[in-house]
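Work through the exercises below with the sequence and the structure at hand, and try each task before you read its solution.

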Amino acid sequence: RKIIFEKQWFYLDNAIGHIYGTTFEVTSGGNLQPKQETEETTTETKEAGTDNRNIVDDGKSQKLTHDDIKALKDKGIKGQEIVQQLIENSTTFRDKTEFAQDKYIKKKKKKYEAVITIVKPSTRILSTMYYAREPGKINHLRYDTLAQMLTLGNIRAGNKMIVMETCAGLVLGAVMERMGGYGSIIQMYPGGGPVRAATSCFGFPKLFFDNLHEFPLGKVDSLLSGTFSTATLPSEPDDSVLGEEESNGLADEKQTSRQETEEESTTEASMEMNQTEKQEAIDINAEDVEFKENKEKENKENVREKQRKQWERTKKLLETAALLREKNADGLIVASKFHPTPLLLSLLEFVAPSRPFVVYCQYKEVNQVCYFSCYSSMTFYRCLGFCLCFLAFFFLKVLPDRSHPKLTMSGGGGYLLSGITVVLDKGKSDSSNSEALKMEEPVCKRCKVQDVHC
Amino acid sequence: MSFVEYGDTIKDGDTAIVFLGHESMFPVKVQHGTVTQTKYGVIRHSTDLIGKKYGSKVTCSKGGWVFILHPTPELWTMNLPHRTQILYSTDISIITMMLELKPGSIVCESGTGSGSLSHALIRTVAPTGHLYTVEFHQQRAEKAREEFREHGVEHLVTVTNQDVCKNGFGVSNIADAVFLDIPSPWEAIGHAKSALKAEGGRICSFSPCIEQVQRTCLAMEEYGFTEINTLEILLRVYNVRTISLQIPDLGKAAEDNLSTGFDSSNPSNQGSLCAEAQPGTAQFKSGVPLREMVGHTGYLTFATKS
């Protein structure tokens, strides 16, 4: 298979069987494997100037013309030799300082000696690559910010994580790498299905996907009415994304209140409940019976081959719903193009107390609003330890006598909002109920709800 | 509880984090019959803590309350007893990612110090990985061993008391990654190379001074490490506050109109406009940096053995 990379094209066939980190040189079409470390080319006695007082930029220092160079290239001469030719034909090269000579050679090498190193995929490599090549696809999430998210979220083997991301599956992949196939991950996705383009780049074994669940944000509503196995997935266009998001948030809210009541009836939790909520509980239990009947019906249909696939999908959804219903997730990671506030407020309901959550947003202002709405909403858990983070990141160029910062990446890394969930303060559950009701009011009220509490 | 596994309820012998406020937390060892003093009063472990859920609000004797949190390496880093300078979570996060650590990784570390990084490393490589950590200070090594035992992670870590520059890590050709936080890392690069797996691995060295970095880079080059990169990471923390600025009185009659007009002209403030705003002021939400100056911790030098 032909692959194009940095204006070069090549076949990968020759690279098979070599260890990761091997460097290859591109020839016309195939791969050639050169030695790991090329010997220092300039072994000749170095002759160098001390400063540039006599160097004049007249544009004539290079005696080889453009056509000459092209001719050399066409002849298929090794890049190394072309560089050597360029040096020999440069009149000013010998007058340049040693450092400038090094720099000159490096620049020419980069242009004429095409070498490719093949490395193993990892979060480090992929997040660096995505940030450099397609930052728009990952909401400009810089790799150090991603690293920070993984640490703040206490991602590790055995966790049960909820991930809501629209970063091409990069964040999901990073979480999966850190969990090493132990524990479970529930990916909440908008639209028709989860995007996992970056996840597949990691090359995870199949085992890792066994405990990876997905749950549609938009399907929660139909899950409530018990007909979600036949409901079609909404393929939402971009223009109404925000509206959809809102309704999702509300649906989640409703669903959790229902789960709350289910827990109430089965495990006899000691949560206080007011009259209206009890009524709701009865309604919902009725729905639940219907829901279970549906499930049994589906079981019978399962015998027929035709609907097996659909059943399989339904079963997975049911499993995921059951996982969410336990409301004991070990953490929440949000990194999406949506407004984080409604996502955070509803998805936090699924998280157990004393667990970390991390929200990424490209914009500081959004996270500020999110901070306040979390602070004011004591719906189920109060959130602690807010921290808006911004990471400055320096790369240093370290060479003897020439150490200096290489690149400053101050802007564009994004901001993080993180905290730890705690158990709801029972004394205040009444006020939080009224607040929850407010949250269920139409979309545009959201901002106002925040205002009242700040 | 354990540092590598979440638990729901607080048990005897656990380490828990008492959370009093944003900047005020401390760890406690939960024991029957023990009491802990806080500025809000006494916490009695037997009745107030044991059996309760992590994340609970605990009322102390003076009527004040605190939250009890499940320990995590990050909370531990903020609360651990310092025996040395420690690495903080910002550096730890980039180290963990750049060393490509994951469950099953074998890591070598030196020195152990106060065990801040050690806990984070153990968390990441558990349950199948292992940490070999070398500390030349006998008391610190002993104390670290004791802590790992208390935190239920001793099966994932081996503490060796020797000088890494002279004697190495005590293991060879098994590590996926090596981390060095010692005064003269260049003297340990050779040992680091032999500790790494034959098929390769990653190395990181943490040094506060650029001169140390230069010597380390030279040593790395000499030993054939590739992809040598040095970076520094700074964390900026913001406090989110509602700020109100007074509108200057320029002698105009409709002062209130001015204030509302001011706010609605600024779209970023529309959502956060406060209902009970004082007349004559404009309110907005802002992320205020906690400190003016952000301190330098150290340069991180990464390289690959291949």
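## Exercise 1: Two domains in contact

In this predicted model, domain 1 of chain B and domain 2 of chain B bury about 510 Å² between them, with 60% of that area on carbon and sulfur atoms. Find out which residues and strands of domain 1 of chain B form this contact.

**Solution.** Begin with the three residues that contribute the most: B:Thr15, B:Met25 and B:Pro27 supply 63% of the area that domain 1 of chain B buries against domain 2 of chain B, more than any other three residues. Next, locate the domains themselves, where domain 1 of chain B covers 9-71 and domain 2 of chain B covers 76-234 + 296-305. In this contact, 6 residues come from domain 1 of chain B and 5 residues from domain 2 of chain B, while the C-alpha centres of the two domains lie 33 Å apart.

Then look for charged pairs: the count between the two domains is 1 salt bridge. The side chains of B:Glu150 and B:Lys29 meet in a salt bridge, at 3.5 Å from N to O. Finally, turn to the strands, of which E1 (15-21) and E2 (24-29) of chain B each supply at least two residues of the side of domain 1 that touches domain 2. Strand E2 of chain B gives the most to that side, with 4 residues.

## Exercise 2: Cis peptide bonds

Locate the peptide bond from B:Ser110 to B:Gly111 and the one that joins B:Ala126 and B:Pro127, and state the geometry of each.

**Solution.** Most peptide bonds are trans. The bond from B:Ser110 to B:Gly111, however, is cis, with omega near -10°, and B:Gly111 lies in the loop between strand E7 (106-110) and helix H4 (116-125) of chain B. The bond between B:Ala126 and B:Pro127 is cis as well, with omega about 0°, and B:Pro127 is found in the loop between H4 and strand E8 (130-134) of chain B.

## Exercise 3: Positive phi in chain A

Decide whether A:His140 and A:Ala168 are buried, partly exposed or exposed.

**Solution.** Most residues other than glycine have a negative phi. A:His140 has a positive phi of about 60° and sits in the loop between helix H4 (123-133) and helix H5 (143-152) of chain A. Its relative accessibility is 29%, so A:His140 counts as partly exposed.

A:Ala168 also has a positive phi, near 60°, and lies in the loop between strand E6 (160-165) and helix H6 (170-179) of chain A. Because buried means under 20%, A:Ala168 counts as buried at 11% relative accessibility.

How values were computed. Residues numbered from 1 in each chain as written. Chains lettered and ligands numbered in written order. Predicted model: local features only at pLDDT ≥ 70, side-chain atom pairs only at ≥ 80, totals over all residues. Heavy atoms only, no water. Domains from an automatic or database assignment. Contact = heavy atoms within 4.5 Å. Buried area = accessible area lost by both parts, 1.4 Å probe. Salt bridge = Lys/Arg side-chain N within 4 Å of Asp/Glu carboxyl O. Buried < 20%, exposed > 50% of the residue type's maximum accessible area, 1.4 Å probe, protein only.
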